[in-house]
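Student: Please take a single part of this structure and look at it closely with me, and then show me what surrounds that part. I am new to this structure, so a careful and connected account would help.

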Amino acid sequence: MHRLLADDLAQLPDLLDLARDRAAAVLAGLDSRPVVAAGVRGGARVPDAVPLPADGVGAAAALAEFTELWEPHMSASAGPRYFGFVTGGTTPAALAGDWLTAALDQNANSSFEYGGQGLERQTVAWLRELFGLGPAHSGTFVSGATMSNFVGLAIAREWLGTRLGVSVAANGAAALGRVRVLSGTAHSSIAKALSMLGLGRSALVPVPVLHNREAVDVAALERELEAAEGPCVVVANAGTVNTVDFDDLRAIAALRARHDFWLHVDAAFGGFAALSPRHAHHVAGLDEADSICIDLHKWLNVPYDSAIQFTRRRDLQTSVFQNSAAYLGPLGEEPDLVHLTPENSHRLRALAAWFTLRAYGREGHREIVEHCAESALAFHAAVEATPGLVPLAPLRLNVVCFTLADDPTADRIQALIRAVSEEAFFTPTVYQGVPAIRAAFSNWRTTADDVERSVRALRAALG
Ligand SMILES: *Cc1c(COP(=O)(O)O)cnc(C)c1O
């Protein structure tokens with residue numbers, strides 16, 4: 001063994017303590033660290049590239065160097081005033097679970113070993129209950145909602161093959177001819193998934209939305225289905241990123257009585273409405289979907305990277321993703337995880353989710369969702385009360401979409417975001433042609449004080 005490795009092995013508990021101390025200091029400093037350091041945005045001021053070191057320094061010195069050189073450039077995205085994108089934090093239990101994931105370093109893919117697969121299946125069953133789905137849905141962990149959409153649409157592609165009498169898994173996507181994927185306000189990852197799936201970005205057919213909404217017009221969707229003359233895929237959206245609008249899932253599912261389509265629901269963060277009796281009406285009908293995408297590193301507050309994919313057609317999922325090899329077992333009733341996603345090997349991603357669900361239960365996670373929605377409500381009210389700012393859409397759940405009252409150009413929006421980014425971080429968008437700002441509330445740590453502090457920063461920047 002290399003001398004430095006042997007030294008580190010001999011002091012492993014001390015090294016873990018050093019890393020623990022660093023992690024605790026980072027988390028304790030979330031309130032004072034710039035949420036996103038204004039001067040560093042856009043990649044400026046990172047240390048000059050250094051060549052790969054021939055000789056190492058050992059883990060303790062590497063940690064010291066990281067702390068000095070790189071840690072100051074890290075954002076406070078784990079903290080309570082990072083409102084960009086839709087970014088969850090990490091609950092204490094999820095963090096502990098994630099540390100143990102690396103320590104255990106399981107190859108959690110096959111029935112050669114019970115623990116990893118067993119724990120993942122248990123966690124999937126808990127998540128199915130959490131989101132109010134029935135036993136016909138099976139689930140698999142993937143790295144994020146983009147991969148979850150990709151897997152769902154891969155199963156949809158295989159289903160289209162069964163309708164047309166061809167096997168896409170065997171003969172490729174070209175056997176399908178032209179494919180139509182109908183959606184109202186699809187997330188950008190849907191087009192990316194279609195590109196990766198060989199269906200092409202142009203397979204996505206935008207369907208008109210309701211007046212002043214991002215939800216699909218179900219009557220217009222039905223007209224598109226009629227025009228399609230053949231089986232289609234419908235991507236319903238449960239939580240759009242600008243205004244958190246929800247398609248009417250029940251009404252869309254009911255169209256299957258008259259039309260032949262696969263129903264995929266992108267419920268990346270909107271799916272969490274199911275956790276709260278106050279908000280669950282938004283996702284009524286979710287269980288009727290053929291495949292569902294839900295992101296866990298957003299509102300479950302587990303660390304990156306984690307999402308889940310649910311489907312009613314595990315048989316088609318294994319057609320797509322089976323990985324036959326002499327040393328792997330037959331598919332059977334409960335196929336090994338290696339046969340269910342693009343990855344063969346993957347980390348025991350389920351462990352962080354298991355920890356947070358066991359530690360806080362359904363009630364704890366309901367509280368996180370409701371508390372975030374209340375924070376968004378307070379922020380929305382503060383925007384309305386701020387001269388110079390106006391909300392652009394009614395608040396439905398946890399994202400406030402707002403803009404400048406006067407002359408909201410993209411440049412002025414960028415300048416405002418930059419001016420406040422050390423106190424609170426927001427991301428820009430364009431909604432109905434108007435440059436705007438999104439504030440997404442999905443971190444368990446956010447308090448009423450954080451909302452006030454963020455509003456104060458915006459008001460100060462407006463002058
Ligand atoms: C975030 C998001 C995605 C993509 O999620 P990643 O985890 O970044 O891959 C897809 N759809 C919706 C609606 C989202 O909000």
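Tutor: Let us begin at the ligand, where helix 6 (residues 145-164) contributes 3 residues to the surrounding shell, the most of any element; helices here are DSSP runs of H or I with at least four residues, strands are runs of E with at least two, and both are numbered from the N terminus. This is a predicted model, in which local features need pLDDT of at least 70 and side-chain atom pairs count only at pLDDT 80 or more, while totals for chains, interfaces and linings use all residues. Residues are numbered from 1 along each chain as its sequence is written, and side-chain values use heavy atoms, with hydrogens and water left out.

The ligand has 14 residues around it, and T146, D266, D295, H297 and K298 come nearest, a residue being near when one of its heavy atoms lies within 4 Å. By class, the shell holds 4 nonpolar, 7 polar and 3 charged residues; Ala, Val, Leu, Ile, Met, Phe, Trp, Tyr, Cys and Pro count as nonpolar, Asp, Glu, Lys and Arg as charged, and the others, Gly among them, as polar.

Some of these surroundings can be followed atom by atom, where a polar contact is a pair of N or O atoms within 3.5 Å. The side chain of T146 has an N or O atom 2.6 Å from an oxygen atom of the ligand, and H297 places a polar side-chain atom 2.8 Å from a ligand oxygen atom. For H187, a polar side-chain atom lies 3.5 Å from a nitrogen atom of the ligand. On its own the ligand has 380 Å² of accessible area, of which the protein covers 82%, as computed by the Shrake-Rupley method with a 1.4 Å probe.

From the ligand we can go back to helix 6, which lies across strand 1, strand 4 (232-237), strand 5, strand 6 and strand 7 (307-311) and runs at about 175° to strand 5; contact here means heavy atoms within 4.5 Å, and angles, from 0 to 180 degrees, are taken between the N-to-C directions of axes fitted to C-alpha atoms, for helices over the stretch in contact.

The order 1-7-6-5-4-2-3 describes an open sheet of 7 strands with mixed pairing, two strands being paired if DSSP finds at least two bridges between them. Strand 1 (138-142) and strand 3 (204-206) stand at its edges with a single partner strand each, so one side of each has no neighbour in the sheet. Direction ignored, neighbouring strands of this sheet are turned by 20° against each other on average. Within the sheet, strand 5 (residues 261-266) and strand 6 (residues 291-295) run parallel and are joined by 3 bridges, and V265 has I292 in strand 6 as its bridge partner.

Beyond strand 6, the loop that leads to strand 7 contains D305, and the peptide bond between Y304 and D305 is cis, with omega about -5°. Another backbone detail belongs to V244, which is not a glycine yet has a positive phi of about 50°, and which sits in the loop between strand 4 and helix 10 (249-254). In general, most residues other than glycine have a negative phi, and most peptide bonds are trans.

Conventions:
A polar contact is a pair of N or O atoms within 3.5 Å; within protein, one must be able to donate a hydrogen and the other to accept it, and residues adjacent in sequence count only if both atoms are side-chain atoms.
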